[in-house]
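Thanks for taking a look at this one with me. Here are a few notes to help you find your way around.

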Amino acid sequence: MTDRDISSPRPSLSRRETPDESKPTGENPNMSAGTFRHFDSARPSTAGAVDGVGPASEPVGPIRFITPAAGWYVVVKALVDFMLAIVLTITLLPVVLLAAAIIRLTSRGPAFYVQKRLGLHGKEFHVIKLRTMVHNAEALTGPTWAQPNDSRVTPFGNILRSTHIDEFPQLANILLGQMSLIGPRPERPEFSNRLVETFPHYYNRLAVKPGITGLAQVKLPPDSSEESVRRKLLHDLYYVRHVAPWLDVRILCLTAVQFIASLLTCCWELIRLPNTDEVNLQISNLMRDEADDVVNSLLDCAPHPRSPARSGRSDS
């Protein structure tokens, strides 16, 4: 390690999982200087930055990550990801092209968009997605998490989001070696600047490649606040530490089940008939609106009071 190398305290998920001091530290000597510089773009340059993430003006050296228990599988996993991504790309390409065509027909703007995310060891890359919001959705607000019933989401975008079809183009990121099928979801640098300050071990989720699906994704709803990020972070750190073939198989199976369930739900919403509560609500609203119309029409027909006629005489 050179004089400019900075290392943080070794993170762990529990006392039982703290690695022995005599074992390798899990440092990655191949990391280039400045890997985490973007984390500190909004932070004043001070000594003793959080968990070894150096100030923006200084290059950052190797950082100690949580070491996956099955280190051998990480290497095999990359090969399996590439082969599965080829098969899935060929299989799902018609679905992606059809969705892209519908996006172009139903809303203004491009069908695809790219967004900067953080990958393995904090390296930035551009993730590819199908557009589900109005064009330039963050032009006025800046980077912000999507909220439930977000008005920026288009009607067709709601379908893409509920089925996660908008994530299919990220198979290209897997073929480029930037992502994995399974892993923590890649976060935006704008949010990471804040999250690394709030959650001391947040960068540990970058010890493996980000994924299209993952343990946190199949167990928890999408991020909408820092509290939701905290819950997902615990699942991400668990996955980083315990990544193994059997865990990945279970996550893939559950992802497939949830995808099929979401497709069936969308189809059911298209063909189902209104239930009794919905009928009662709609009729009640209709009756109220019609009653308002009747009252307004009666008021319009009512004779207006006449002004008293002026006489030519003065009462004085």
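The points below go from the whole chain to one helix and then to a cavity.

1. Please keep in mind that this is a predicted model. The protein chain has 8 helices and 4 strands, and along the sequence they come in the order α-β-β-α-α-β-α-β-α-α-α-α.

2. For an overall impression, 38% of the 316 residues of the protein chain count as buried. The accessible surface comes to about 19,200 Å², and carbon and sulfur atoms hold 62% of that surface. If you take the contacts between residues at least 6 apart in sequence, 71% of them join residues at least 24 apart.

3. Helix α2, residues 155-163, is a good place to zoom in: Phe156, Gly157, Leu160 and Thr163 are buried there. These buried residues line one face of the helix, because they fall within an arc of 140° when seen down the axis of α2. Their cover includes α1 (71-106), β2 (124-130) and α7 (245-271). After α2 comes His164, with a positive phi near 65°.

4. Which residues line the largest cavity? They are Ile103, Thr106, Ser107, Arg131, Thr132, Thr154, Phe156, Gly157 and Leu160. The elements giving two or more residues to this lining are α1 and α2, and α2 gives the most, with 3 residues.

5. On that cavity, the volume is about 30 Å³, and the count of cavities of 30 Å³ or more is 1. By type, the lining has 3 nonpolar, 5 polar and 1 charged residue.

Terms used
Residues are numbered from 1 along each chain as its sequence is written. This is a predicted model: local features need pLDDT of at least 70, side-chain atom pairs count only at pLDDT 80 or more; totals for chains, interfaces and linings use all residues. Side-chain values use heavy atoms; hydrogens and water are left out. Buried means under 20% relative accessible area, exposed over 50%, partly exposed in between (1.4 Å probe, protein chains only). Contact means heavy atoms within 4.5 Å. Accessible areas come from the Shrake-Rupley method with a 1.4 Å probe; for residues, only the protein chains shown count as cover. The arc is that of the directions from the helix axis to the C-beta atoms. On a 1 Å grid over the protein atoms alone, a cavity is a set of points where a 1.4 Å probe fits but cannot get out, and a pocket is an open set with protein on both sides within 12 Å along at least five of seven lines; lining residues have an atom within 4 Å of a point. Grid points are joined across faces, edges and corners, and a volume is the space filled by probe spheres set on the points. Ala, Val, Leu, Ile, Met, Phe, Trp, Tyr, Cys and Pro count as nonpolar, Asp, Glu, Lys and Arg as charged, and the others, Gly among them, as polar.
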